[in-house]
Amino acid sequence: MNHQIKIVEGPDQGKIISLSEQAVLVGRDPTQCHLILTDEEASRRHARFSRDPTGALWVEDLDSRNGTYVNEKWIQEATKINKEDRLRIGSNRFKIDEAVATETASDGIGAMKESKECVLIGRNPTNHVVINDPKVSREQARIDVYSGTCYVTNLSSHTNTCINGKAVTEPTILPPSSWIQILEYQYYFDGKALLNRQGEVVANLVSSQPVHDGKTSFSKALKAPVQGVSILRWLVGSILALIPIVGFLSNGYRCHMMRNGQRQEFQLPVWQEWSSLFFTGIQFFVIRAGYYLLPMVFFLFVLFFAPPAPVESWLGLLGYLRGWLLLIGVIGLLMTAGILPMALALFADTGSIREARKIEKAIAMIRWNPGQYFSVYCLLAGLWLVLGIFMLLFPYAGAVAAIFGAFYIHSVASLLFGEYYSRWKTMPDQNRSW
């Protein structure tokens, strides 16, 4: 039986769209959403309605600014709904009815029929993900992909399949940044692929191609941390970044922000799945440390072992070997700082540290559009300069500003570099070789 989503109250009252096998995106973006809203309280990609393989209806908030409400409760995860539930997005109230005929929203993009895909997990060697353990069933679990939404079904009668520690008893939506657990075996879903604990991709699930307008979204990225509930998320990240070890959480969060930029979702994600954030943050740190290791070792070697230069000015150093070696070290650090964002973007997209180590690929991304890449760097350099001047002029207030300003700049950088990476990735193959 088909269903239709109807707006019964609010600025977009009267709009209707059918929901059969095709997931329906709801929001203000006319290039990506099927049901287009004009309400300013709605995000560009606000929520997704879908059906699982059994026909049950689900609604999922897409990290919107103002939330998605079911029976006036702000949902934090994918939620099963029925005709009796009351739904609200911003000022619009929704109703679910049975539909006799398939309709589409008059001002939305056409429904794109997608083929169903599935990934099998279990002991059977023909499965997509093979677990060689006699306690695991031959076909333990199945992941169905319906219009970009993933559903997990447990196929075993004696071994549980869990999502984030909760046993799967019926087809259940697998949200991004989630863990699938089968006994001691764990797999992480980054929104596109399934990864093992080593960060290696074991199965690709979702392929998304965001629509780009060719312009760098400076204003969207600058506003993102200070809009709605994102302000609180920004403040939380600023505080966590100060605490040793716990700071890995903010590293993982920056990775999630970069993924938002890759999807052109200019908003800060919800703080959730803390263990996943911590694990991702450690990997983020390892990538940065690996890239900076060689130039830092060279720089320290010059400082401690190069022949001394008896001069009183930095410019005078260039008359000695020590000065030229120091200059080479500084250039190496600057080049590393330029390449590193694309390496981190590779990791954010693939979840693989091995991919992030492909320096030639990161350089090819920068060479694809150096002007655009340099403009992002100029903006970030300007923000750091303003923060530095404020700290010099007002030392005490500047110390506080540095705490929150640094994470703000990191947030803007993650969104913009994520967007740049996504544009490079969606270019035709002949325009992006490495």
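Trainee: How much of the protein chain counts as buried?

Mentor: This is a predicted model, and of the 434 residues in its protein chain, 50% count as buried. The chain exposes about 20900 Å², with carbon and sulfur atoms supplying 61% of that area.

Trainee: And which helices and strands am I looking at, or at least how many?

Mentor: There are nine helices and 22 strands in the protein chain. As for contacts along the sequence, take those with a separation of 6 or more: residues 24 or more positions apart account for 56% of them.

Trainee: Let's do helices. Which residues of helix 2 are buried?

Mentor: The general idea comes first. An α-helix has 3.6 residues a turn, so residues three or four places apart point the same way. Now the case here: helix 2 covers residues 230-240, and its buried residues are S230, R233, W234, G237, S238 and L240.

Trainee: What do those buried residues of helix 2 pack against?

Mentor: Three other helices: helix 3 (248-262), helix 4 (274-305) and helix 9.

Trainee: Helix 9 again. At what angle do the axes of helix 5 and helix 9 cross?

Mentor: Roughly 75°, and the two axes come within 10 Å. Helix 5 spans residues 321-350 and helix 9 spans residues 395-425. An angle of 65 to 115 degrees counts as roughly perpendicular, so helix 5 is roughly perpendicular to helix 9.

Trainee: Which residues meet where helix 5 touches helix 9?

Mentor: From helix 5 you have P341, M342, A345, L346 and D349; from helix 9, F417, Y420, Y421 and K425. Sorted by character, the residues of this contact come out as seven nonpolar, no polar and two charged.

Trainee: Good, on to charges. How many salt bridges does the count come to?

Mentor: The idea behind them is simple: side chains of opposite charge can pair when their charged atoms come close. In this model the count comes to 13 salt bridges.

Trainee: Take D12 and K15, then. How far apart are the closest N and O atoms, and are the two residues buried or exposed?

Mentor: The closest N and O atoms of that salt bridge are 3.2 Å apart. Both D12 and K15 are buried.

Trainee: What about D133 and K135, how long is that N to O distance?

Mentor: Their side chains meet in a salt bridge at 3.3 Å, N to O. Look at the accessibility of each partner here. D133 is buried, with a relative accessible area of 5%, whereas K135 is partly exposed at 47%.

Trainee: And R142 with D144: what is the N to O distance there?

Mentor: It is 2.9 Å for the salt bridge between those side chains. R142 is partly exposed, with 24% relative accessible area, while D144 has 8% and counts as buried. Elsewhere, E9, E72, R88 and R93 are joined into one network by salt bridges that share partners.

Trainee: Now backbone angles. What is the phi of N71, and where does N71 lie?

Mentor: Start with the background: most residues other than glycine have a negative phi, and most peptide bonds are trans. N71 is not a glycine, yet its phi is positive, about 55°. You'll find N71 in the loop between strand 7 (68-70) and strand 8 (73-74). With 34% relative accessibility, N71 counts as partly exposed.

Trainee: I245 also has a positive phi. Where does I245 lie, and is it buried or exposed?

Mentor: I245 sits in the loop between helix 2 and helix 3, and its phi is near 70°. At 57% relative accessibility, I245 counts as exposed, because the cut-off for that class is over 50%.

Trainee: Last topic, loops. Where is P53 found, and how far is its C-alpha atom from that of V145?

Mentor: P53 is in the loop between strand 5 (47-51) and strand 6 (57-61). The C-alpha atoms of P53 and V145 are separated by 9.4 Å, although the two residues are 92 residues apart along the chain. P53 is partly exposed, with a relative accessible area of 31%.

Trainee: And H34, buried or exposed?

Mentor: H34 is buried, with a relative accessible area of 5%. H34 lies in the loop between strand 3 (24-27) and strand 4 (35-36). Its C-alpha atom is 9.7 Å from that of R48, a residue 14 residues apart from H34 along the chain.

Methods. Residues are numbered from 1 along each chain as its sequence is written. This is a predicted model: local features need pLDDT of at least 70, side-chain atom pairs count only at pLDDT 80 or more; totals for chains, interfaces and linings use all residues. Side-chain values use heavy atoms; hydrogens and water are left out. Axes are lines fitted to C-alpha atoms, for helices over the stretch in contact, and angles run from 0 to 180 degrees between N-to-C directions. Helices (H or I, at least four residues) and strands (E, at least two) are DSSP runs, numbered from the N terminus. Angles under 35 degrees count as roughly parallel, over 145 as roughly antiparallel, 65 to 115 as roughly perpendicular and the rest as oblique. Contact means heavy atoms within 4.5 Å. Ala, Val, Leu, Ile, Met, Phe, Trp, Tyr, Cys and Pro count as nonpolar, Asp, Glu, Lys and Arg as charged, and the others, Gly among them, as polar. A salt bridge is a side-chain nitrogen of Lys or Arg within 4 Å of a carboxyl oxygen of Asp or Glu. Buried means under 20% relative accessible area, exposed over 50%, partly exposed in between (1.4 Å probe, protein chains only). Accessible areas come from the Shrake-Rupley method with a 1.4 Å probe; for residues, only the protein chains shown count as cover.
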